[in-house]
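Please look through the structure shown here and discuss how its chain is put together.

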Amino acid sequence: MRRLKPILFITGLVLLGISMLYTAPEMLERQYQQEMADTYAITEINELATDAPTDYYFRGNTIRTEHTLTGEEPYLDGWDRIVHPADLTIFINGEAAEFLNDYPVLQKQDFDRFDGLNQYGDYLSYWLIEDKTADSEFFAVTYRLNGYRTKQIDDGYMKGELPREELRYKLIAIHPDGSVNKEPFSYSDKSKLQTQLISANYNGTVGYYTDSSYPNVLVPLVYPWLTSGIGILFLLIGFPYRRLINTLRRATRNKSANSST
């Protein structure tokens, strides 16, 4: 057992170290989510694709999104949805605030409901944000600036698809007094609040420290939680308690000897 203990201790360190690569960001992400919940009350107007209208009235301000089809040939995106390219205009209090060219608009089909904001999928979304700490609120429109023109091709892959890290967005904030702020940001460089204003899509959840995903039963049940538990157990079993105790005893004796002289 004495020879086995160093092996258990080293194995425990390795298992715990590998597991921390996952558990540390996960714990930070949970802390971040709690921080956001304590600071803000955030409502996605079209959450769960509820066919919210493209017109919204906020504290005397009017926000409206309109589109005009470009006439280009429709195409299928990566999820077999028929997409029509269109030019979008976002109006704030009757004035055109943003122009979006060749933006995807989903066609209404027999078993799909693409009305109102649903027509723009998760590429464009409305949000109502209340800052609990400042006792204030504002309305927001977020939309993607790139990576939205994905088309199916014959070999099963999608043309125009971009990795998450390369996606870029813009946030338009409308305040009760009618003032408007525009903030460009990217998926790889976003603030804590901006992270909350990216709609979850087919690629999974959106996180600040980590985008948690559980592909199978092995993750996270076996890795990292079970491996962390086994690592801690091996550390406790293999920890050199006797050597530590002997070291402390020698230090105490030396201290006593020095004080007596």
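What follows is a set of questions and answers on this predicted model.

Reader: On what basis are residues numbered, and which pLDDT is needed for local features?
Author: Residues are counted from 1 along each chain as its sequence is written, and side-chain values rest on heavy atoms, with hydrogens and water left out. As this is a predicted model, totals for chains, interfaces and linings use all residues, side-chain atom pairs count only at pLDDT 80 or more, and local features need a pLDDT of at least 70.

Reader: How many helices and strands are there in the protein?
Author: Helices (H or I, at least four residues) and strands (E, at least two) are taken as DSSP runs, numbered from the N terminus. On that basis the protein has four helices and twelve strands.

Reader: Which residues have the most contacts inside the largest nonpolar core?
Author: A nonpolar core is a set of buried Ala, Val, Leu, Ile, Met, Phe, Trp, Tyr and Cys residues joined through side-chain atoms within 4.5 Å, where buried means under 20% relative accessible area, exposed over 50% and partly exposed in between (1.4 Å probe, protein chains only). The largest such core has 23 residues, and those with the most contacts inside it are Leu88, Leu124, Tyr126, Phe139 and Val141. The elements that give two or more residues to this core are β5, β6, β7, β8 and β11.

Reader: Which residues of β11 might one look for around Phe139, and what does Phe139 touch?
Author: With contact meaning heavy atoms within 4.5 Å, and not counting residues up to four places away in sequence, Phe139 touches Ile45, Tyr56, Phe58, Ile63, Tyr126, Trp127 and Leu128, among others. Strand β11 spans residues 168-174, and the partners of Phe139 also include Ile172, Ala173 and Ile174.

Reader: How many bridges join strand β2 to strand β3, and which residue in the turn has a positive phi?
Author: Two strands pair if DSSP finds at least two bridges between them. Strands β2 (residues 55-58) and β3 (residues 61-69) run antiparallel and are joined by four bridges, with Phe58 opposite Asn61. They form a hairpin with two residues between them, and the turn residue with a positive phi of about 50° is Arg59.

Reader: Which side chain meets that of Arg59 in a salt bridge?
Author: A salt bridge is a side-chain nitrogen of Lys or Arg within 4 Å of a carboxyl oxygen of Asp or Glu, and Arg59 counts as exposed at 55% relative accessibility. The pair links distant parts of the chain, 78 residues apart, with Arg59 in the loop between β2 and β3 and its partner in strand β8. At 2.4 Å, N to O, the partner is Glu137.

Reader: Why does the salt bridge of Glu35 and Lys192 tie together parts far along the sequence, and how many residues apart are they?
Author: The side chains of Glu35 and Lys192 meet at 3.1 Å, N to O, and they count as partly exposed, Glu35 at 33% relative accessibility and Lys192 at 26%. Glu35 lies in helix α1 and Lys192 in helix α2 (residues 192-196), so the parts tied together are separated in sequence by 157 residues.

Reader: Which residue of β5 stands opposite Glu66?
Author: Strands β3 and β5 pair in the antiparallel sense over seven bridges. Glu66 is partly exposed at 37% relative accessibility, and its side chain meets that of Arg64 in a salt bridge of 2.6 Å, N to O. The residue opposite Glu66 in β5 is Thr89.
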